[in-house]
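Colleague: Could you take me through this structure and explain how a few of its labels were reached? I would like to see each value set against its definition.

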Amino acid sequence: MRLKLSSEQLAIMRSVHNTPRRTQKKMRVLDQQVFRGERALFHARDLSIHHGLFEDGESPLKESRDIELYNTMFKWKYPLWYAHHIRLYDCSLFEMARAGIWYTDDIEMKNTVIEAPKAFRRCDGVRLDRVQFSNAEETLWNCKNVELKDVFARGNYFAMGSENIDIDGFELVGNYSFDGCKNVHVKNAKLLSKDAFWNCENVVVEDCFISGEYLGWNSKHLVFKRCIIESLQGLCYIEDLVMDDCKLIHTTLAFEFVDRVDASISSRIDSVKNPISGKITAHDIGEVILDADVIDPAKTTITKLAPASE
């Protein structure tokens, strides 16, 4: 005879079943301790570390699992490699904690400052909330399933080769960002970055400001909504580009060799050059360059909304 459970009992069972194992374990608390030497807590399990200091020694938490860190400082290299289910709150990674978090899965970080370069590489399941990267050179490379909320980063080559990225609230000062990324959603961001979003696929950018030359080259399926963009020769060599209610400020030679462009621009474009196909609507366009020996001008519809007298 099958046991019949009420909907409330089923809900409780599902809740217990879906709760991560780490929350069901009793964590051993380490408070105000100083850790020195290589692999100080190698293969650690089920620890809650408060006001800790990892002073020297490489790879202090290598191969660790189910670790919580509060107000803890890392001052040496490779602190979290091959780790799983990690939580950091109000922590600091100093300059020499470089290459800090590699090959690590399911990591959450809040209210944390990272001074070291090359943080996060080949990680899966990265959640960053109110994190500051003062030196983000080569950070967040080849990672999957990334969430950023209210993050600041300064450094070149941010997020190269990563995929499944969701960003809300982001400031970046650094070039060559998001090169080779897939499945990216960015909103409420300010990017001062040349050569951003190169070689990308499936990118949606909403309510952002972007300044930097050569935006979006060699990419597929890019969408910009309500963005303000300043880019010398920006938005070229793209397959499938949508721009909805965007402004292009001081942007020249735009849309060169873009196939299937659908652009609605609420400002003047300084110049447009040789789009392959699609439609472009703008308040005004300073110069339109269509070389019939290079592209077929009939495949693109270009419309200026401003009266001719303006």
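Modeller: This is a predicted model, and a search of the whole structure finds zero disulfides.

Colleague: How do you know that Cys 143 is not bonded to Cys 123?

Modeller: A disulfide is a covalent bond between the sulfur atoms of two cysteines. The pair must lie within 2.5 Å, and the closest cysteine sulfur to that of Cys 143 belongs to Cys 123 at 4.6 Å, so the two are too far apart for a bond. Cys 200 is likewise in no disulfide, with the nearest cysteine sulfur, that of Cys 181, 5.1 Å away.

Colleague: What makes Cys 200 count as buried?

Modeller: Buried means a relative accessible area under 20%, and Cys 200 has 2%, so the label applies. Cys 143, at 1%, is therefore buried by that cut-off too.

Colleague: Why is Met 243 called buried?

Modeller: Its relative accessible area is 1%, which is under 20%, and therefore Met 243 is buried. Met 243 lies in strand E20, residues 238–248, and, leaving aside residues up to four places away in sequence, it touches several others, among them Phe 224, Leu 235, Phe 255 and Asp 262. Met 243 and Asp 262 are 19 residues apart along the chain, yet their C-alpha atoms are separated by 6.3 Å.

Colleague: What makes strands E1 and E3 a pair?

Modeller: Pairing needs at least two bridges, and four join E1 (residues 28–31) to E3 (residues 45–50), so these parallel strands pair. Asp 31 stands opposite His 50 in E3. Five bridges join E3 to E5 (residues 65–70), also running parallel, with Ser 48 opposite Glu 68 in E5.

How values were computed. Residues numbered from 1 in each chain as written. Predicted model: local features only at pLDDT ≥ 70, side-chain atom pairs only at ≥ 80, totals over all residues. Heavy atoms only, no water. Helix = DSSP H or I, 4+ residues; strand = E, 2+ residues; numbered from the N terminus. Buried < 20%, exposed > 50% of the residue type's maximum accessible area, 1.4 Å probe, protein only. Contact = heavy atoms within 4.5 Å.
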